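Me: Could you take a close look at the aromatic rings in this model for me? I'd like one connected account of how they pair up, how buried they are, and where charges come in.

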Amino acid sequence: MNDQRNQREEERRAHDAPLFADMAGDLDVSFEFFPPKNEKMEATLWDSIQTLAPLGPRFVSVTYGAGGSTRERTHATVARIARETDLAAAAHLTCVEATKEEIDAVAEEYWAAGIRHIVALRGDPPEKGAKYQTHPGGYENAAALVEGLRKLHPFEISVAAYPECHPDSPDDRADLDNLKRKLDAGATRAITQFFFDADHFFRFRDKVAAAGIDAEIVPGIMPVMNYGAVERMSKMCGTEVPSWMGRLFEGLDDHPEARQLVSATIAAELCRKLYAGGERSFHFYTLNRAELSYAICHLLGMRAKPSAEAAAA
């Protein structure tokens with residue numbers, strides 16, 4: 001009954017919320033990138049970073065491939081962000097296909113490079129469809145990884161949360177217990193898997209509070225660059241793709257600019273509903289493309305901050 005009352009109140013607030021033009025821009029945002037595979041992709045990545053940096057994100061993160069397959073590229077990208085920009089850089093780190101000693105060595109490399117924020121994840125099996133197995137001598141799960149990182153240095157640590165339940169969890173209760181273990185081990189906050197229905201997040205937020213978890217839970221936002229690709233990713237991680245989304249993208253295969261407009265509208269409306277429900281922090285999965293995330297932030301009232309040089313002039 002309480003959940004229903006909360007949802008009705010949030011729905012009322014969403015309907016009564018101001019139009020985008022009147023939103024206050026009182027947000028904390030962060031952006032996620034993946035390490036580039038070649039020079040062209042590296043140029044795209046750095047263009048994206050330079051485009052989004054003026055929005056003043058509280059951090060930007062760089063993903064880590066299955067089995068540590070992008071280890072060197074992840075480290076190089078994060079280190080360059082820390083070295084050449086004023087942005088706070090966060091490095092992803094997983095438990096997959098590595099011993100504790102190997103993972104600890106990677107974490108030590110990050111610390112030596114000035115990286116103070118780790119996104120600690122269990123990670124997915126390197127082979128699609130395979131069941132996850134702990135590597136011999138490795139960290140069992142993300143909670144154990146968080147505990148291990150805490151023994152090395154006072155890292156800021158973000159972990160993952162799943163509004164629609166992790167596919168490997170038997171039920172919501174077990175999933176929440178796992179989230180609590182990660183936070184109790186010393187994680188700073190949780191960032192959610194992407195989702196497309198604000199009610200999924202609001203119901204999850206209620207369950208988190210009822211479980212006695214008071215850490216920050218940041219909604220993860222995925223602007224849809226490619227509808228087919230998002231459908232495939234969603235099946236792998238247990239995210240529901242609403243039927244109306246497919247109808248919105250029908251007939252746009254040969255119209256990339258129109259797809260971007262539709263994508264920005266969908267994601268911005270999701271953020272507006274979350275904002276109406278009290279959320280003020282968002283984590284954007286950029287896929288190394290700045291345009292959509294920048295447009296969404298602009299719709300939410302955010303504006304580029306003056307550079308230090310301009311402010312001093």
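**Aromatic rings up close**

Reply: Let's begin with Tyr227, which has a relative accessible area of 19%; Tyr227 counts as buried because that value is under the 20% cut-off. Please keep in mind that this is a predicted model.

Now for the ring pairs. Searching the whole structure turns up 6 aromatic pairs. One of them joins Phe201 and Phe202 in an edge-to-face arrangement, with 6.3 Å centre to centre and 70 degrees between the planes. The edge-to-face label applies because an angle over 60 degrees falls in that class. Both partners are buried: Phe201 has a relative accessibility of 1%, and Phe202 has a relative accessible area of 4%.

Tyr227 comes back in a pair with Phe249, and here the rings are stacked, at 5.6 Å centre to centre with 20 degrees between the planes. This contact links distant parts of the chain, 22 residues apart: Tyr227 belongs to helix 8 (residues 227-237), while Phe249 belongs to helix 9 (residues 243-249). Phe249 is buried as well, with a relative accessible area of 5%.

Going back to the phenylalanines, Phe201 and Phe202 join Phe195 in one aromatic cluster.

Finally, the charges. Arg80 places its charged end over the ring of Trp46, 3.8 Å from the ring centre. Trp111 has an arginine over its face too: Arg116, at 3.7 Å from the ring centre.

Methods
Residues numbered from 1 in each chain as written. Predicted model: local features only at pLDDT ≥ 70, side-chain atom pairs only at ≥ 80, totals over all residues. Heavy atoms only, no water. Phe/Tyr/Trp six-rings, centres within 6.5 Å; stacked < 30°, edge-to-face > 60°. Buried < 20%, exposed > 50% of the residue type's maximum accessible area, 1.4 Å probe, protein only. Helix = DSSP H or I, 4+ residues; strand = E, 2+ residues; numbered from the N terminus. Lys NZ or Arg CZ within 6 Å of the ring centre and 35° of its normal.
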